[in-house]
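Here's a quick tour of a protein chain for anyone just starting out with structures. Have a look at the sequence and the model first, then read on.

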Amino acid sequence: MALIKCPECGKEISNKSEACIHCGFPLIYIANKKCAVNGTVYDFEEEFPVIMLPSIEEYSGAVGMIRRKTGMGISDACDLIEIVRQEKAFPESFTTEFALEDPSTWDSPALSTGDSPSISTVSVKCPYCQSGNTNRISGLSKAVDTALFGVFSVGRNSKNYHCNSCGADF
């Protein structure tokens with residue numbers, strides 16, 4: 001028996017328990033952690049050492065771990081995680097819908113400068129003036145507005161982007 005940290009409250013619990021004894025968070029265990037992806041067998045023991053399924057908040061982290069290990073695209077990695085969440089085990093084999101990528105090229109200078117035609121940047125346009133000169137409203141900005149203006153900041157805090165041209169929040 002080993003002690004693990006609860007993904008919800010962070011307190012130590014037994015790795016054999018079905019739920020956290022402190023907060024009641026349900027622990028769902030993955031039965032099989034080996035999967036053949038396009039014919040290559042991967043062991044996900046390292047990525048999921050506690051054999052727990054990721055919580056919704058950790059979903060993107062699990063997708064990233066699988067992508068780094070296998071070279072899958074985001075869509076395929078999300079599909080695999082969904083199968084694992086439903087079946088509570090990795091499938092014996094998984095065929096990707098898209099070609100595998102080389103994870104070593106993800107951080108290359110060519111990709112970060114935008115020289116690659118396969119990388120598209122998404123620009124958000126203002127719905128009022130159609131300008132592409134927009135910025136995402138940060139969580140820190142929303143927190144400061146809430147601290148300063150309280151209930152009156154709810155209108156802006158429900159918006160995600162700010163247009164630098166016309167000043168609109170949307």
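What follows is a short briefing on this chain, sorted by topic.

Keep in mind that you're looking at a predicted model. The chain is built from five helices and seven strands, and its mean pLDDT is 76. We'll start with the whole chain, then go through a small sheet, a few loop residues and a patch on the surface.

**How confident is the prediction?**

- Of the residues in the chain, 78% have a pLDDT of 70 or more.
- The stretch to treat with care is residues 108–121, where the pLDDT is below 50. Not counting near neighbours in sequence, that stretch makes six contacts in the model.

**The chain as a whole**

- If you walk along the sequence, you meet the elements in the pattern β-β-β-β-α-α-β-α-β-α-α-β.
- There are 170 residues in the chain, and 31% of them are buried.
- The chain has an accessible surface of about 10900 Å². Carbon and sulfur atoms account for 55% of that surface.
- Take the contacts between residues at least 6 apart in sequence: 43% of these link residues that are at least 24 apart.

**A sheet of three strands**

- Which order do the strands take in the open sheet? It's β4-β3-β5, and the pairing is mixed.
- The two edge strands are β4 (40–43) and β5 (93–94), and each of them pairs on one side only.
- On one side, β3 and β4 run antiparallel and are joined by four bridges. Two pairs to look for here are alanine 36 opposite valine 41, and lysine 34, whose bridge partner in β4 is aspartate 43.
- β3 (residues 34–37) also pairs with β5, this time in the parallel sense, over two bridges. Here valine 37 has phenylalanine 94 as its bridge partner in β5, while alanine 36 has serine 93.
- Alanine 36 is a handy residue to click on: its partners are valine 41 in β4 and serine 93 in β5.

**The turn between β3 and β4**

- β3 and β4 make a hairpin, and two residues sit between them.
- Asparagine 38 belongs to this turn and has a positive phi of about 50°, although asparagine 38 isn't a glycine.
- Is asparagine 38 buried, partly exposed or exposed? Its relative accessibility is 37%, so asparagine 38 counts as partly exposed.

**Loop residues further along**

- Glutamate 101 lies in the loop between β5 and α3 (109–112). Its relative accessible area is 34%, so glutamate 101 is partly exposed.
- Glutamate 101 is 31 residues away from threonine 70 in sequence, yet their C-alpha atoms are 8.2 Å apart in space.
- Glutamine 130 sits in the loop between α3 and β6 (134–136). Its phi is positive, near 65°, and glutamine 130 is a residue other than glycine.

**Cysteine 126 and its surroundings**

- Cysteine 126 is also found in the loop between α3 and β6.
- Why does cysteine 126 count as buried? Buried means under 20% relative accessible area, and cysteine 126 has a value of 0%, so it fits.
- Which residues touch cysteine 126, leaving aside its neighbours within four places in sequence? They are Ser131, Thr134, Cys163, Cys166, Ala168 and Phe170.
- One of those contacts, cysteine 166, is 40 residues from cysteine 126 in sequence. In space, the two are 8.6 Å apart, C-alpha to C-alpha.

**A nonpolar patch on the surface**

- Leu140, Val144, Leu148, Phe149 and Phe152 make up a nonpolar patch on the surface. Together they have about 620 Å² of accessible area.
- Phenylalanine 152, one of the patch residues, is in the loop between α4 (139–149) and α5 (154–157).
- Exposed means over 50% relative accessible area. Phenylalanine 152 has 77% relative accessibility, so it counts as exposed.

Definitions and conventions
Residues numbered from 1 in each chain as written. Predicted model: local features only at pLDDT ≥ 70, side-chain atom pairs only at ≥ 80, totals over all residues. Heavy atoms only, no water. pLDDT = per-residue confidence, 0-100. Contact = heavy atoms within 4.5 Å. Patch = residues over 30% accessible without salt bridge, like charges linked within 9 Å, V, L, I, M, F, W, Y side chains within 5 Å. Areas by Shrake-Rupley, 256 points an atom, 1.4 Å probe, with all protein chains shown as cover. Salt bridge = Lys/Arg side-chain N within 4 Å of Asp/Glu carboxyl O. Buried < 20%, exposed > 50% of the residue type's maximum accessible area, 1.4 Å probe, protein only. Pairing = 2+ DSSP bridges.
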